[in-house]
Every structure is written in structure tokens, then in C-alpha cells.
Amino acid sequence: MMSHDNDNNTMDCMTMHMAFFWSKDVVMLFNRWPKGELGMYILALAIVFFLAVMVEFLSAVKPESNPIVGGLKHALLYGLRMALLYLLMLCVMSYNVGVFVIVVAGHFVGCFIVKYRVISKAVSKSRTDLV
């Protein structure tokens with residue numbers, strides 16, 4: 001049987017949450033990051049927000065007319081998008097409410113910006129077609 005004596009323990013013991021919690025004391029992606037400091041927690045949330053927005057932008061890239069170049073570009077962007085989505089999933093699996101809210105907000109803002117650009121281009125094109 002293993003001893004859990006703190007004097008002999010050389011490894012850091014961390015509690016993994018299995019329910020949502022709200023605290024700046026969270027580990028995301030890397031051990032000891034964001035280190036339980038408020039400034040680092042806010043920086044981590046900003047990075048996660050940016051990643052979620054970027055995922056939405058990557059989903060809106062249109063393929064090129066050249067099938068080989070367009071297919072290669074699409075496959076590379078798809079791979080990057082999937083990697084970012086898996087990183088975001090791992091962040092959400094920290095079960096931190098702040099991380100979850102920021103990821104959802106990032107996807108919301110990114111989707112809004114992408115769709116707003118598409119709709120505004122379509123409206124401006126239809127206005128120029130009428131003239």
C-alpha cells in the first residue's frame with residue numbers, strides 16, 4: 001500500500017475536479033499553468049477566448065479554384081482547426097466555469113463576426129446589383 005505522507009512525497013498531488021467549480025486555481029493544458037495567480041488566470045482566459053475565435057475564423061476560409069492547392073490548403077486548415085478544438089476541449093475539461101464561459105463566448109463572438117462579414121458582403125453585393 002502506498003503511503004501518502006507529505007514528507008516523503010516527491011510528486012505534486014493535484015485534485016482533479018469532476019464537477020464544475022469557480023476558482024482561479026485551475027490547471028489548463030500544462031502543469032502549473034496558470035499557477036493560481038489572478039493575472040495568469042486572466043491571461044489564460046484571454047488566450048482561450050482568442051483560440052475559440054480563431055477556430056470560427058478558420059471554419060470560414062473558402063477553398064481556392066485550383067483543386068490541388070485548394071485541397072491541400074483546406075486539409076491543412078482543417079488539421080489546424082481540429083488541433084485547436086481539441087486544445088479547447090481539454091481546457092473545458094478542467095471543469096472551471098470561467099474557462100467554459102470564455103470558450104462559449106469566444107465561439108459566439110467568432111461566429112458572429114464571421115457571419116456578419118458574410119451577410120454584409122451579400123447585402124452590399126445585392127445593393128450594387130440593383131444599381
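This report walks through the fold, the surface patches and a few individual residues of the structure above.

**Overall picture**

Keep in mind that this is a predicted model. The protein chain has 3 helices and 0 strands, and reading along the sequence gives the pattern α-α-α. Helix α1 covers residues 38–59 and α2 covers 67–92, while α3 takes in residues 97–130.

How much of the protein chain counts as buried? Of its 131 residues, 21% do. The accessible surface is about 9800 Å², and carbon and sulfur atoms hold 69% of that. As for how the chain meets itself, take the contacts with a separation of 6 or more: 62% of them come from residues 24 or more positions apart.

**Charges**

The structure has 1 salt bridge. K24 and D25 form a salt bridge, with their closest N and O atoms 3.6 Å apart. K24 is partly exposed, at a relative accessible area of 33%, and D25 is partly exposed too, at 47%.

On the surface, K62, K115, R117 and K121 come together as a patch of positive charge. One of these, K62, sits in the loop between α1 and α2. Its relative accessibility is 62%, so K62 counts as exposed.

E56 is the odd charge to look at. You'll find E56 in helix α1. Which side chain of opposite charge is nearest to E56, and how far away is it? That would be R81, at 5.5 Å; E56 is buried and has no salt bridge. A salt bridge needs a side-chain nitrogen of Lys or Arg within 4 Å of a carboxyl oxygen of Asp or Glu. Once neighbours within four places in sequence are set aside, E56 is in contact with H107, G110, C111 and V114.

**A nonpolar patch**

There is also a nonpolar patch on the surface, about 670 Å² in area, built from L29, F30, Y86, L87, M89, L90 and M93. Its members include residues from separate parts of the chain: L29 is in the segment before α1, and so is F30, whereas L87 belongs to helix α2.

How open are these three? L29 is partly exposed, with a relative accessible area of 35%, and L87 is partly exposed at 34%. F30, at 55%, is exposed. F30 also gives a handle on the chain's path: F30 and C91 are 61 residues apart in sequence, with 9.9 Å between their C-alpha atoms.

**Backbone oddities**

L29 comes up again for its backbone. Its phi is near 65°, a positive value in a residue other than glycine. Y95 is another residue other than glycine with a positive phi, here near 60°. Y95 is located in the loop between α2 and α3, and with a relative accessible area of 26% it is partly exposed.

**Two spots on α3**

G98 is part of helix α3. Is G98 buried or exposed? Its relative accessible area is 4%, under the 20% cut-off, so G98 is buried. Leaving out neighbours within four places in sequence, the residues in contact with G98 are W22, Y41 and L45. The C-alpha atoms of G98 and S23 are 7.9 Å apart, although 75 residues separate the two along the chain.

F108 lies in helix α3 as well. In this case the side is an open one: F108 is exposed, with a relative accessible area of 61%. From F108 to V53 the C-alpha distance is 7.9 Å, with the two residues 55 apart in sequence.

Here are the sequence-distant pairs side by side.

| Pair | Separation along the chain | C-alpha distance |
|---|---|---|
| G98 and S23 | 75 residues | 7.9 Å |
| F108 and V53 | 55 residues | 7.9 Å |
| F30 and C91 | 61 residues | 9.9 Å |

Key
Residues are numbered from 1 along each chain as its sequence is written. This is a predicted model: local features need pLDDT of at least 70, side-chain atom pairs count only at pLDDT 80 or more; totals for chains, interfaces and linings use all residues. Side-chain values use heavy atoms; hydrogens and water are left out. Patches are made of residues with over 30% relative accessible area and no salt bridge: like charges are joined within 9 Å, nonpolar side chains (Val, Leu, Ile, Met, Phe, Trp, Tyr) within 5 Å. Accessible areas come from the Shrake-Rupley method with a 1.4 Å probe; for residues, only the protein chains shown count as cover. Lys and Arg count as positive and Asp and Glu as negative; His and the chain ends are not counted. The place of a charge is taken as NZ of Lys, CZ of Arg, CG of Asp or CD of Glu. Helices (H or I, at least four residues) and strands (E, at least two) are DSSP runs, numbered from the N terminus. Buried means under 20% relative accessible area, exposed over 50%, partly exposed in between (1.4 Å probe, protein chains only). Contact means heavy atoms within 4.5 Å.
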